[in-house]
Amino acid sequence: MSVAPSVALASSEAPSTNETWLLHHRADRRQLGIVFVYDALLLAMYFVPACRNPVFFLAACWFSFLNAVVIHNHLHKGIFKSRALNRLFRCVLSFGSMYPASANVASHNIVHHHFDDDGQPDWASPDQVGFRWNLLNLLHFPNVVGPSTFDGVSRWAMTTRQKDFRQQYLLENVVAFGLTGLLLWNDFWTGLFFVVLPQLWGARGILRINLIQHDGCDVRSEWNHSRNFVGDGFNWVMCNNGYHTIHHNIAGLHWADLAALHRAKVAPRIDPSLDEPSMVRYLWRTYFARFAPPPRQDVARAEAGRSGGLAPREYRKLEAAVASLAE
Amino acid sequence: MHPLVYPAMGLFALGVLWLNTLLIAAAALLHRRELGQHLRRLVEARRAGRLVEAEVGAGSGPDGAFVTRTVRQRGRAVTTGGPDRILLTEVSVELACHGGELRIDGTPRRIEAGRWDVWLAPSATGTRTRSDFDACFAEASTHKGLATALVQRVGAGARVYWLEGELLSAIDPVATLETRRAGLLAFAAVAILLAGGVTALALVPPVFGTVSTIGGALALLFFVLVQPAGVRVRNWAQRPSAQPLVELWQRP
């Protein structure tokens, strides 16, 4: 089944063609570099006692989070031209974050992108936490959303028509937990402190991002469902994952093309409060400098009369389901 | 550069374990408190004689229904091995409170149509709007899935608990909330006790020795399992009307 793109792109906005013999987009070398550095940090700390220091540990935690960002991007659009390499890379990524990367197909691409699980809420909905002290919501969020997500993925896996999904999912589980288990078996404390803790930091961090990017937004709206972090340095490191609205609306677009489209399509339609220059400042303001969650605002009014330009959400969900069969 | 010494890392790991255990326990206790507010209203209503046991004499709705609960469902064909099955999940619920006659202590009483919460027993059945499995399975095998509904009725002869204008329940609502509150408290207590147990084991001297390592492994296992346990308990403790219906429909 073929489907037309959700948004008509002007020629000047069309995705760039930057293919290499190996990669769909040359910018993905940055993603490969992230994963290489991260795995090297983990192995260095595990095998070389001199590397078990705060700099390596904090770097591993940070790169673990970036590894999860790469999972996100790779599961939207495989980095490699070779399907086999893409599947293999999913296993490498799964070890880095200690969860099967293919879980993203259902949890992120199909459910989260449309904030809907066949009528039930998104498994990563910010409404799943309700402490009056907002910092506790940020801390607790992965404890709730992680299990909800894996329950949902298991349910989805029962009915998927992606023929080899279950096989690939099992393989990624075996690699992620098997390899981590081997490292723990060989040297439990070193494995726990210098492999598992960074893995958990990244995996739980990417779950927290769902809260950070959608809390206080209006997921029923077409353009004001997400918070964007638009700093240039942040987006270079984060492979443009700060431009979240346009990514939600055109999930198939390569991350390297998000910034221009954010400025052209999103910025005129969103509440200025959802265009944050700095994530650090946002986190400080929202979770540390205040006790209670910020009051709700009607952010969707910013798109009044300008909500068009997108295919219906139901159609975009269908696109995601079709795309999930192809990858 | 200063190396990260193992005792410091151990304390950090235990800190992560305890922070998250306490958050999970606190979320369960917060949920318990919310149910407690609801329970207090029900207990007061029972004392005041407003929450009563009754029998439905007749319903004013279609087919003599006192209440009709229509669960809109999405069906997806199960693609794992085994017999043909359709996984049905809840899309939305439409509630029609038709009213009719309730017999309270044998005395008939007319109840007008209105809007109130309805709690059915977990085993409550209903009538599916689509009954042709073959056609439904074919539809459930598409990207769009099967659209169907389950119609649940409370009609003549049903034993119910009635709180005027607020709740019609097929199960004792006070006992239900008391059980759920007890479950939440027990879960919070057990989670904290288990965290204490694995912590104590991990700290058995010599720290990082064999017993301590077994404690560390159990602590990691506990950390991984306490999170889904917390979510399961939370889902179990929700008000019955807020629990989404998930069913498997197997080829007859």
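# Notebook: two chains, their sheets and a helix crossing

**Entry 1, domains of chain B.** I began with the domain assignment, which divides chain B into domain 1 (12-39 + 178-239) and domain 2 (50-171 + 242-250). A reminder to myself before going on: this is a predicted model. I then looked up how far apart the two domains of chain B sit, and their centres, taken over C-alpha atoms, are separated by 35 Å.

**Entry 2, overall dimensions of chain B.** What is the radius of gyration of chain B? I noted 25 Å for chain B, where a compact globule of 252 residues would come out near 18 Å. The C-alpha trace of chain B spans about 80 × 55 × 30 Å along its principal axes. For secondary structure, I listed four helices and eleven strands in chain B.

**Entry 3, the six-stranded sheet.** Next I traced an open sheet of six strands in chain B, and read its order as E5-E4-E1-E9-E10-E6, with mixed pairing. Which strands are at the edges of this sheet? I found strand E5 (107-111) and strand E6 (117-119) of chain B there, each pairing on one side only. Leaving direction aside, neighbouring strands of this sheet are turned by 35° against each other on average. I looked at one pair more carefully: strand E1 (residues 51-59) and strand E4 (residues 100-104) of chain B run antiparallel and are joined by four bridges. Within that pair, Ala58(B) has Glu101(B) of E4(B) as its bridge partner.

**Entry 4, the five-stranded sheet.** The other sheet I followed in chain B is open too, with five strands in the order E7-E8-E2-E3-E11 and antiparallel pairing. Why is one side of strand E7 (127-128) and of strand E11 (246-250) of chain B left without a neighbour in the sheet? Both stand at the edges and each has a single partner strand, so one side of each has no neighbour in the sheet. I then checked strand E2 (residues 65-77) against strand E8 (residues 146-155) of chain B, and counted ten bridges in an antiparallel pairing. Two bridge partners in E8(B) went into my notes: Arg153(B) for Thr68(B), and Thr148(B) for Gln73(B). Helix H2 (residues 133-140) of chain B packs on this sheet, where it touches E2, strand E3 (85-97) and E8 of chain B. The direction of H2 in chain B makes about 55° with that of E2(B). At the E7 edge, E7(B) and E8(B) run antiparallel and are joined by two bridges. There I saw Arg128(B) opposite Leu150(B) in E8(B).

**Entry 5, a helix crossing in chain A.** Over in chain A, I picked helix H3 (residues 83-97) and helix H6 (residues 165-186), whose axes come within 8 Å and cross at roughly 40°. Is the crossing of H3(A) and H6(A) left-handed or right-handed? I have it down as right-handed. On the H3(A) side the contact includes Arg87(A), Cys91(A) and Phe95(A), and on the H6(A) side Leu171(A), Val175(A) and Leu179(A) are among the residues. Sorting the contact residues of both helices gave me six nonpolar, three polar and three charged.

**Entry 6, where the chains meet.** Last, I turned to the contact between the chains, which takes 30 residues from chain A and 35 residues from chain B. Which helices of chain A each supply at least two residues to the side that touches chain B? I listed helix H2 (54-76), helix H5 (134-159), helix H7 (188-214) and helix H12 (313-326) of chain A. H5(A) gives the largest share of that side, eleven residues. By type, the side of chain A that touches chain B divides into 17 nonpolar, nine polar and four charged residues.

Conventions: Residues are numbered from 1 along each chain as its sequence is written. Chains are lettered from A and ligands numbered from 1 in the order in which they are written. This is a predicted model: local features need pLDDT of at least 70, side-chain atom pairs count only at pLDDT 80 or more; totals for chains, interfaces and linings use all residues. Two strands pair if DSSP finds at least two bridges between them. Axes are lines fitted to C-alpha atoms, for helices over the stretch in contact, and angles run from 0 to 180 degrees between N-to-C directions. A crossing is left-handed if the near helix is turned anticlockwise from the far one by less than a right angle, and right-handed if clockwise. Two residues are in contact if their C-beta atoms, placed from the backbone, lie within 7 Å. Ala, Val, Leu, Ile, Met, Phe, Trp, Tyr, Cys and Pro count as nonpolar, Asp, Glu, Lys and Arg as charged, and the others, Gly among them, as polar. Domain bounds come from an automatic or database domain assignment. The radius of gyration is taken over C-alpha atoms; the globule rule is 2.2 Å times the number of residues to the power 0.38.
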